[in-house]
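Dear colleague,

I am handing over the structure to you with this email, and below it you will find what came out of looking through it. Please keep the sequence and the 3D view open while you read.

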Amino acid sequence: GVLERCAVRAARHACVAVLPQSTPTIRHCQLEDCAQIGIHFSPDSGGIVEDCHIAGNGEANVLIGERADPQLTRNEIARGRQVGVRVQPQGLGNLALNDIASNAGHNVEIGAEAAPVVSDNGIRDAGQSGVCFLEGAMGRLTRNEISHSKGANVIIMAAASPTISHNEVHHGGQHGIWVKPKGTPVLEQNQLHSNRPTDLRQDESGRGSRRAGV
């Protein structure tokens, strides 16, 4: 089905819940200030979300469940009271050309064995990290501008193994990219500058694979 030009505000649970096996198209909607989640993609769901304003929701503005594989394009995902986009363990998804900003926790949080593709987004002003790869997370982070996070712009936890390439990462409050012990990212051709205290921190045994520059 298609959900277009709607406004959902202050619902008790999720503004929109996408059930398993469902693949709706959601366009030009305003999904704001719901008690829990802006859009909840249940396990094994999918769909397309385009040109929506998803903001101010209580838990995650967008929650992608295990094996869910939605496509989110050109959305504003902002001011979440916790996380901007949370990809749960084994979740997928393609996030492209979104403005993901000013969420109280991480702007993007990726769980164990989750493997989303996050490309060509503006990811800025996070209350914690811009993108957090939790323990065992995977996925690809490419061609994003990630900036002005209060924590690290990108943080990679133990046993996380994402590919991080061709991003501009700047003005992080606690490092540009921070690789925790036993994190093993592939880092390629990223532009790191103006981060505090360092552009790249790699903790003991958190060395990653550095190809063709950082």
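Let me begin with a single residue: aspartate 44 is partly exposed, with a relative accessible area of 30%, where buried means under 20% relative accessible area, exposed means over 50%, and partly exposed lies in between (1.4 Å probe, protein chains only). Before going on, please note that this is a predicted model, in which local features need pLDDT of at least 70 and side-chain atom pairs count only at pLDDT 80 or more, while totals for chains, interfaces and linings use all residues. Residues are numbered from 1 along each chain as its sequence is written, and side-chain values use heavy atoms, with hydrogens and water left out.

Salt bridges

Aspartate 44 forms a salt bridge with arginine 67, and the closest N and O atoms of the pair are 2.7 Å apart; the term stands for a side-chain nitrogen of Lys or Arg within 4 Å of a carboxyl oxygen of Asp or Glu. The two partners come from distant parts of the chain, 23 residues apart, with arginine 67 in the loop between β9 and β10 (71-73) and aspartate 44 in the loop between β6 and β7 (48-50). Strands, like helices, are DSSP runs numbered from the N terminus (E, at least two residues, for strands; H or I, at least four, for helices). Arginine 67 has a relative accessibility of 39% and therefore counts as partly exposed.

A second pair is made by glutamate 109 and arginine 86, whose closest N and O atoms are 2.8 Å apart. Because glutamate 109 lies in strand β15 and arginine 86 in strand β12, this salt bridge ties together parts that are 23 residues apart in sequence. Glutamate 109 is at 12% relative accessibility, so it counts as buried.

A third salt bridge joins arginine 124 to aspartate 125, with 3.2 Å between the closest N and O atoms. Salt bridges that share partners also join Asp44, Glu66 and Arg67 into one network, and a search of the whole structure finds 10 salt bridges.

The sheet

What order do the strands of the open sheet follow? There are 9 of them, arranged as β2-β5-β8-β11-β14-β17-β20-β23-β26 with parallel pairing, and two strands are said to pair if DSSP finds at least two bridges between them. At the edges stand β2 (7-9) and β26 (191-193), each of which pairs on one side only. Strand β23 (residues 168-170) runs parallel to β26 and is joined to it by 3 bridges, with valine 169 standing opposite leucine 192 in β26.

The nonpolar core

The largest nonpolar core has 42 residues, of which Ile39, Phe41, Phe133 and Ile177 touch the most other members; such a core is a set of buried Ala, Val, Leu, Ile, Met, Phe, Trp, Tyr and Cys residues joined through side-chain atoms within 4.5 Å. Several strands each supply at least two residues of this core, among them β3 (14-18), β6 (37-41) and β24 (177-179), and the largest share, 3 residues, comes from β3. Leaving aside residues up to four places away in sequence, isoleucine 177 touches partners including Val169 and Leu192, a contact being heavy atoms within 4.5 Å.

A buried asparagine

Asparagine 61 is found in strand β9 and counts as buried because its relative accessibility is 0%. A polar atom of the asparagine 61 side chain lies 3.1 Å from the backbone oxygen of alanine 78.

With best wishes

Terms used:
A polar contact is a pair of N or O atoms within 3.5 Å; within protein, one must be able to donate a hydrogen and the other to accept it, and residues adjacent in sequence count only if both atoms are side-chain atoms.
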